[in-house]
Amino acid sequence: MTGDVSALQLVLSGDPGLFAIVRLSLLISLSAVLFAGLIGVPVGAFIALTLFPGREGVIVVLNALMGLPPVVVGLAVFLALSRSGPLGSWGLLFTPQAMVIAQTVLVAPIIAALTRQTIEDLWVEYRDELAAMNIGPAGRVATLVWDARFSLVTALLAGFGRAAAEVGAIIVVGGNIEGFTRTMTTAIALETSKGDLPLAIGLGIVLIFIVILINALAWAARRAGERTAG
Amino acid sequence: MSMHAPSHDLPLMFVEAGILAGEVTILDNISLTLNAGAPTVLIGPNGAGKTTLLRAAMGLIPVTHGRITWGGNETAAPARRAFVFQRPAMLRRSTEGNVHYALAAAGVPHGQRYDRAAELLTLVGLDGFGSRPARRLSGGEQQRVALARALARDPAVLFLDEPTASLDPHATKAIEDIVSNVAARGVKVVMSTHDLGQAKRLAGDLVLLHRGRLIESGPAAQFFADPRTEEASKFIAGELLI
Ligand SMILES: Nc1ncnc2c1ncn2[C@@H]1O[C@H](COP(=O)(O)OP(=O)(O)O)[C@@H](O)[C@H]1O
Ligand SMILES: [Mg+2]
């Protein structure tokens with residue numbers, strides 16, 4: 001296989017085409033995680049700390065949504081953004097923004113579910129102490145989020161890992177347009193079928209490196225948490 | 001720690017107070033007055049209602065019958081009350097961080113927290129432990145962190161729920177010394193124990209609970225010398241109350 005050699009060359013020589021793809025991928029997935037975190041952390045914390053009718057059902061559904069098939073999310077966002085869809089007037093289909101939306105929808109439930117579990121476990125542990133210290137609702141949320149921060153970072157990284165590695169959602173709404181919506185995973189999927197193996201393999205190498213990096217960061221967050229929090 | 005201004009929380013009175021959980025009576029028609037002075041110790045077998053009574057006295061759970069008053073008021077913010085739980089939860093912070101948190105919660109200005117935390121850690125014998133993660137400390141050390149946190153509130157009334165239940169004799173002695181010390185500074189200590197020896201060592205007043213009812217209460221010396229009820233005699237003799 002000469003493919004490997006030229007793939008490595010692509011990576012090591014900093015091939016501009018390859019790195020444009022990597023940059024766009026990271027930009028999309030990081031944006032999606034940012035938005036998903038802004039939605040998922042407050043929603044998760046709210047569910048963890050509030051009693052309301054149907055709460056158990058919401059938790060079951062939320063946990064199930066963690067396993068949403070990306071291609072179905074892609075389809076749903078596609079329908080919403082298509083010209084006849086409810087958000088068709090935004091004209092976002094086949095743009096990077098559409099890909100960010102799709103990945104946000106995919107990742108927000110993951111972050112919300114993990115946040116809910118983390119905050120609720122900590123709340124069970126802390127509730128008596130915080131009550132005895134007469135901490136109000138705002139202080140309670142601030143304390144729980146702060147003391148759970150390392151676990152929450154791990155949740156964000158889990159979301160990022162999921163976003164960076166998925167292809168189903170973004171290929172449906174983004175379309176893999178060269179120089180515009182082509183990301184690592186969509187390129188790998190399509191270039192492989194077209195026979196451009198060096199590019200596919202090069203991107204695969206970069207993607208695996210990123211996944212390893214995410215896990216290393218998650219591990220570091222856990223270690224930092226143990227060191228400061230015990 | 002300073003000497004204390006007269007507390008607005010005392011006397012703390014239970015007036016025919018009861019707590020029902022569903023069909024189950026957990027506390028039954030309790031009338032009890034807690035005054036300033038030497039520690040009041042609640043004794044009684046497991047399930048007697050000691051924890052529930054302490055929680056109600058702290059204001060953590062409402063009574064379903066009768067009432068509780070703090071310095072004559074039926075509602076009183078627990079600004080000068082503090083509670084050490086039987087199994088205190090350590091915040092995921094350093095030992096010092098735990099005390100700082102309690103000081104902040106008690107409204108101690110930022111600039112004073114550092115010195116106050118150091119004082120409190122010295123008081124509970126945790127000098128040099130400040131930067132350690134509190135969750136990594138031993139049971140006895142965690143109990144002391146919980147005491148330091150409670151004292152950070154500069155409490156007029158300090159509730160302790162079986163503070164030495166899971167500690168060895170050495171750690172127990174250390175906690176008892178701190179409690180005596182705190183009581184001597186004018187803090188009203190209200191604590192539970194099922195250790196009769198501990199009750200003898202620490203109590204000014206004793207309260208015997210059994211199955212949610214108050215069996216007997218009064219000065220400790222009198223309680224031990226001349227128990228008025230059969231339950232109290234049995235309890236003192238070390239017989240099982242069932
Ligand atoms: N929320 C509750 N619901 C029902 N039963 C309870 C509740 N809390 C406590 N109990 C019961 O009330 C009794 C007294 O409990 P507790 O105050 O913890 O006793 P103690 O501290 O003396 O061991 C026990 O039988 C306990 O099981
Ligand atoms: Mg108890």
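Among contacts in chain B (heavy atoms within 4.5 Å) between residues at least 6 apart in sequence, 67% join residues at least 24 apart. In chain A, 71% of the contacts between residues at least 6 apart in sequence join residues at least 24 apart. This is a predicted model, in which local features need pLDDT of at least 70 and side-chain atom pairs count only at pLDDT 80 or more, while totals for chains, interfaces and linings use all residues. Residues are numbered from 1 along each chain as its sequence is written, chains are lettered from A and ligands numbered from 1 in the order in which they are written, and side-chain values use heavy atoms, with hydrogens and water left out.

**Chain B as a whole**

- The secondary structure of chain B consists of eight helices and nine strands; helices (H or I, at least four residues) and strands (E, at least two) are DSSP runs, numbered from the N terminus.
- The radius of gyration of chain B is 18 Å, which agrees with the value near 18 Å for a compact globule of 242 residues; the radius is taken over C-alpha atoms, and the globule rule is 2.2 Å times the number of residues to the power 0.38.
- The C-alpha trace of chain B spans about 50 × 40 × 35 Å along its principal axes.
- Buried residues account for 51% of the 242 residues of chain B, where buried means under 20% relative accessible area, exposed over 50%, and partly exposed in between (1.4 Å probe, protein chains only).
- Chain B has an accessible surface of about 10,600 Å², and 50% of this belongs to carbon and sulfur atoms; the areas come from the Shrake-Rupley method with a 1.4 Å probe, and for residues only the protein chains shown count as cover.
- There are 25 positive and 23 negative side chains in chain B, with the centres of the two sets 7 Å apart. Lys and Arg count as positive and Asp and Glu as negative, while His and the chain ends are not counted; the place of a charge is taken as NZ of Lys, CZ of Arg, CG of Asp or CD of Glu.

**Helix 3 of chain B**

- Helix 3 (residues 110-123) of chain B has 14 residues and should span 20 Å at 1.5 Å a residue, and its end C-alpha atoms are indeed 20 Å apart. The expected span is 1.5 Å times one less than the number of residues.
- The buried residues of this helix are B:Arg113, B:Arg116, B:Ala117, B:Leu120, B:Leu121 and B:Leu123.
- The cover over these buried residues includes helix 2 (95-105), helix 4 (139-151) and helix 5 (169-184) of chain B.
- B:Gly125, just after helix 3 of chain B, takes a positive phi of about 75°.

**Backbone features in chain B**

- B:Leu10 and B:Pro11 are joined by a cis peptide bond, with omega about -5°. B:Pro11 belongs to the segment before strand 1 (12-21) of chain B.
- B:Glu16, placed in strand 1 of chain B, has a phi near 45°, a positive value in a residue other than glycine. B:Glu16 is exposed, with a relative accessible area of 51%.
- B:Arg211 lies in the loop between strand 8 (205-210) and strand 9 (213-219) of chain B. The phi of B:Arg211 is near 50°, a positive value in a residue other than glycine, and B:Arg211 counts as exposed at 56% relative accessibility.

**Surroundings of B:Ala203**

- B:Ala203 sits in the loop between helix 6 (196-202) and strand 8 of chain B and counts as buried at 15% relative accessibility.
- Not counting residues up to four places away in sequence, B:Ala203 touches B:Pro39, B:Val41 and B:Ala220.
- B:Ala203 and B:Met191 are 12 residues apart along the chain, and their C-alpha atoms are separated by 9.0 Å.

**Chain A as a whole**

- Chain A has 10 helices and zero strands.
- Along its principal axes, the C-alpha trace of chain A spans about 65 × 50 × 25 Å.
- Of the 230 residues in chain A, 46% are buried.
- About 11,200 Å² of chain A is exposed surface, and carbon and sulfur atoms supply 72% of it.
- Chain A carries 13 positive and 14 negative side chains, and the centres of the two sets lie 4 Å apart.

**Surroundings of A:Ala163**

- A:Ala163 is placed in helix 7 (residues 149-165) of chain A and is buried, with a relative accessible area of 1%.
- A:Ala163 touches A:Ser29, A:Gln103 and A:Val107, not counting residues up to four places away in sequence.
- A:Ala163 and A:Ala32 are 131 residues apart in sequence, and 7.7 Å apart in space from C-alpha to C-alpha.
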